[in-house]
Amino acid sequence: TMHMEDKMDAAPILDSIRSHPGFNRAGMILVHHGVVRGSARDGRPVSGLTLSVDEKRLAEIIAGQKNSPGIVDIRVEITGKKELVPGDDVMIIAVAGDIRDNVIPVLERTLNAVKKGVTKKTEHFV
């Protein structure tokens, strides 16, 4: 079972985005809060997973996506836990920008790039 201290909290991330000097250009903050599913994509039950993170690649992805039109700020926080169980928080991605036409695709690109190049998940099956 998860202890409260293991929960990731988006509030401090949102506060830091609000303090960004360019925040008055933002019309929205879009947040992805990823958690560990209890089953794999093929439906098999999962007892947990082992997570590894490439911090250097993460910094490169954020820097690249921040240059997208209309984007004010991007924050990505990934759990420090290596061994996770279903229900555990994995990561929070927050993208602030002017309009949804700009912000939604950047959240999607950032999320897909993080999943492809930053986090490696090894699922453990029941």
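The following conversation goes through the cores, helix H3 and the salt bridges of a predicted model.

Student: Let us start with the inside. Which residues of the largest nonpolar core touch the most other members?

Tutor: They are Leu58, Ile74, Val76, Ile78, Met91, Ile93 and Val95, in a core of 21 residues.

Student: And which elements each supply at least two residues of this core?

Tutor: Strands E2 (46-53), E3 (71-78) and E5 (89-97) do so, together with helices H2 (55-66) and H3 (100-117). Helix H3 gives the most, with five residues.

Student: Is there another core, and how many residues does it have?

Tutor: Another core, of eight residues, lies apart from the largest one. Met8, Ala10, Val72 and Ala94 are among its members.

Student: Back to Val76. What does Val76 touch, not counting residues up to four places away in sequence?

Tutor: Val76 touches Leu58, Ile62, Ile92, Ile93 and Thr110.

Student: Thr110 is in H3, I believe. Which residues of H3 are buried?

Tutor: Thr110 is indeed one of the buried residues of H3; the others given are Val103, Val106, Leu107, Leu111 and Val114. Seen down the helix axis, the buried residues fall within an arc of 130°, so they line one face of H3.

Student: What is on the other side of H3?

Tutor: Asp101 and Lys116 are on that other side, and they are exposed.

Student: Then what covers the buried residues of H3?

Tutor: The cover includes strand E1 (28-35), helix H2, and strands E3, E5 and E6.

Student: What span should H3 have, and how far apart are its end C-alpha atoms?

Tutor: The 18 residues of H3 should span 26 Å at 1.5 Å a residue. The end C-alpha atoms are 25 Å apart, which agrees with that expectation.

Student: You mentioned E6. Where is Thr119 placed, and is Thr119 buried or exposed?

Tutor: Thr119 belongs to strand E6, which covers residues 119-125. Thr119 has a relative accessible area of 8%, so it is buried. Leaving aside neighbours within four places in sequence, its contacts are Leu51, Ser52, Val53, Ile78 and Val114.

Student: Changing topic: how many salt bridges are there in the whole structure?

Tutor: A search of the whole structure finds six.

Student: Take Arg57. With which residue does Arg57 form a salt bridge, and how far apart are the closest N and O atoms?

Tutor: The partner is Glu60, and the closest N and O atoms are 3.0 Å apart. Both residues lie in helix H2, three residues apart, or about one turn of the helix. Arg57 is partly exposed at 34% relative accessible area, and Glu60 is partly exposed at 37%.

Student: Which residues are linked with Arg57 in a network of salt bridges?

Tutor: Lys56 and Glu60 are linked with Arg57 in such a network.

Student: Now Asp73. Which side chain does Asp73 meet in a salt bridge, and is Asp73 buried or exposed?

Tutor: Asp73 meets Arg75, with an N to O distance of 2.9 Å. Asp73 counts as buried because its relative accessibility is 1%, where the cut-off for buried is under 20%. Arg75, at 30%, counts as partly exposed.

Student: And Asp88, which partner does it have?

Tutor: The side chain of Asp88 meets that of Lys81 in a salt bridge of 3.0 Å, N to O. Asp88 is buried, at 2% relative accessibility, whereas Lys81 is partly exposed, at 25%.

Key
Residues numbered from 1 in each chain as written. Predicted model: local features only at pLDDT ≥ 70, side-chain atom pairs only at ≥ 80, totals over all residues. Heavy atoms only, no water. Core = buried A, V, L, I, M, F, W, Y, C linked by side-chain atoms within 4.5 Å. Buried < 20%, exposed > 50% of the residue type's maximum accessible area, 1.4 Å probe, protein only. Helix = DSSP H or I, 4+ residues; strand = E, 2+ residues; numbered from the N terminus. Contact = heavy atoms within 4.5 Å. Salt bridge = Lys/Arg side-chain N within 4 Å of Asp/Glu carboxyl O. Expected span 1.5 Å × (residues − 1). Arc of directions from axis to C-beta.
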